There are 2 protein chains.
Amino acid sequence: MKARVHVMLKTGVLDPQGEAVKHALGTLGFTGVEAVRQGKVIELDLTATDRAAAEAEVARMCEKLLANTVIEKYDIEIV
Amino acid sequence: MKARVHVMLKTGVLDPQGEAVKHALGTLGFTGVEAVRQGKVIELDLTATDRAAAEAEVARMCEKLLANTVIEKYDIEIV
């Protein structure tokens, strides 16, 4: 079973990477970009076969390692 | 209009970040993780209102800045 986790900075937390990308796009002539946020995506191949169990396990991984829940939010997708 | 871009290393390209995450999960007691790949997710707020035009513009951004197409693949989602 495959899981995909998105880890993004929470709304309101300054995102310097996103700002840098926005600025770089501007200097390359891409107008029309209002905002950019950058985050991580983590794809996991799991041996689990039960969808609910896999999702719960990945949530624990996020809480313990994959996301810093003080400033980041995560979103789990089982595919 | 919002666009979400996933940038992942191409299959076959060594992913040391993913390997590090896999190893760390193992040491934390998460067995059952076969493979981990880590990539970037970039969320863009665009002024464009035409879906096809927005997608083409974001593809140009990927080719020019957001992805290193020698080793990375990208995937655009207009939301």
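Biologist: Where should I start with the strands of chain A: in which sense do β1 (residues 2-9) and β2(A) pair, and over how many bridges?

Modeller: This is a predicted model, so let us read what it proposes. In chain A, β1 (residues 2-9) and β2(A) pair in the antiparallel sense, with 6 bridges between them. To place that pairing on your screen, look for A3(A), which stands opposite L44(A) in β2(A).

Biologist: And how do β1(B) and β2(B) pair?

Modeller: They are antiparallel too, over 6 bridges. Here A3(B) has L44(B) of β2(B) as its bridge partner.

Biologist: Now for the strands that cross between chains. How many bridges join β2 of chain A to β2(B), and in which sense do the strands run?

Modeller: A helpful general idea for looking at any strand is that, when it is regular, its side chains alternate between the two faces of the sheet. In this model, β2 (residues 33-46) of chain A and β2(B) run antiparallel and are joined by 13 bridges. You can follow the register by eye: D45(A) is the bridge partner of A35(B), Q38(A) is the bridge partner of I42(B), and G39(A) stands opposite V41(B).

Biologist: How do I judge the size of the interface, and how much area do chain B and chain A bury between them?

Modeller: People often quote the accessible area that is lost when the parts come together. For chain B and chain A that comes to about 2,800 Å², with 65% of it on carbon and sulfur atoms. On the chain B side, F30(B), V41(B) and D45(B) supply 18% of the area buried against chain A, more than any other three residues. Counted by residues, the contact takes 31 from chain B and 31 from chain A.

Biologist: How many salt bridges and polar contacts cross it?

Modeller: The rule finds 0 salt bridges across the interface, but 11 residue pairs in polar contact, both residues at pLDDT 80 or more. As for which parts of chain B touch chain A, the elements giving two or more residues are β1 (2-9), α1 (16-27), β2 (33-46) and α2 (51-66) of chain B. β2(B) gives the most, with 14 residues. By type, that side of chain B divides into 16 nonpolar, 6 polar and 9 charged residues.

Biologist: How many salt bridges does a search of the whole structure find?

Modeller: Over all chains, the search finds 6. An example to click on is the pair R60(A) and E57(A), whose side chains meet at 2.5 Å, N to O.

Biologist: Why are R60(A) and E57(A) separated by about one helical turn?

Modeller: Because they sit 3 residues apart in helix α2 (residues 51-66) of chain A.

Biologist: Last one: what rotation and shift superpose chain B on chain A?

Modeller: In general, two copies of a chain are related by a rotation about an axis and a shift along it. Here, a rotation of 180° with 0.0 Å of shift along the axis places chain B on chain A, with an RMSD of 0.0 Å. The two copies are therefore related as by a two-fold rotation axis. To find that axis from chain B, go to K40(B): its C-alpha is the nearest in that chain, 2.3 Å away. Both copies use the same surface, since 100% of the contact residues of chain B recur in chain A.

Key. Residues are numbered from 1 along each chain as its sequence is written. Chains are lettered from A and ligands numbered from 1 in the order in which they are written. This is a predicted model: local features need pLDDT of at least 70, side-chain atom pairs count only at pLDDT 80 or more; totals for chains, interfaces and linings use all residues. Side-chain values use heavy atoms; hydrogens and water are left out. Contact means heavy atoms within 4.5 Å. Buried area is the accessible area (1.4 Å probe) that two parts lose on being put together, summed over both. A salt bridge is a side-chain nitrogen of Lys or Arg within 4 Å of a carboxyl oxygen of Asp or Glu. A polar contact is a pair of N or O atoms within 3.5 Å; within protein, one must be able to donate a hydrogen and the other to accept it, and residues adjacent in sequence count only if both atoms are side-chain atoms. Helices (H or I, at least four residues) and strands (E, at least two) are DSSP runs, numbered from the N terminus. Ala, Val, Leu, Ile, Met, Phe, Trp, Tyr, Cys and Pro count as nonpolar, Asp, Glu, Lys and Arg as charged, and the others, Gly among them, as polar. Two strands pair if DSSP finds at least two bridges between them. Copies are superposed by least squares on the C-alpha atoms of residues with pLDDT of at least 70 in both.
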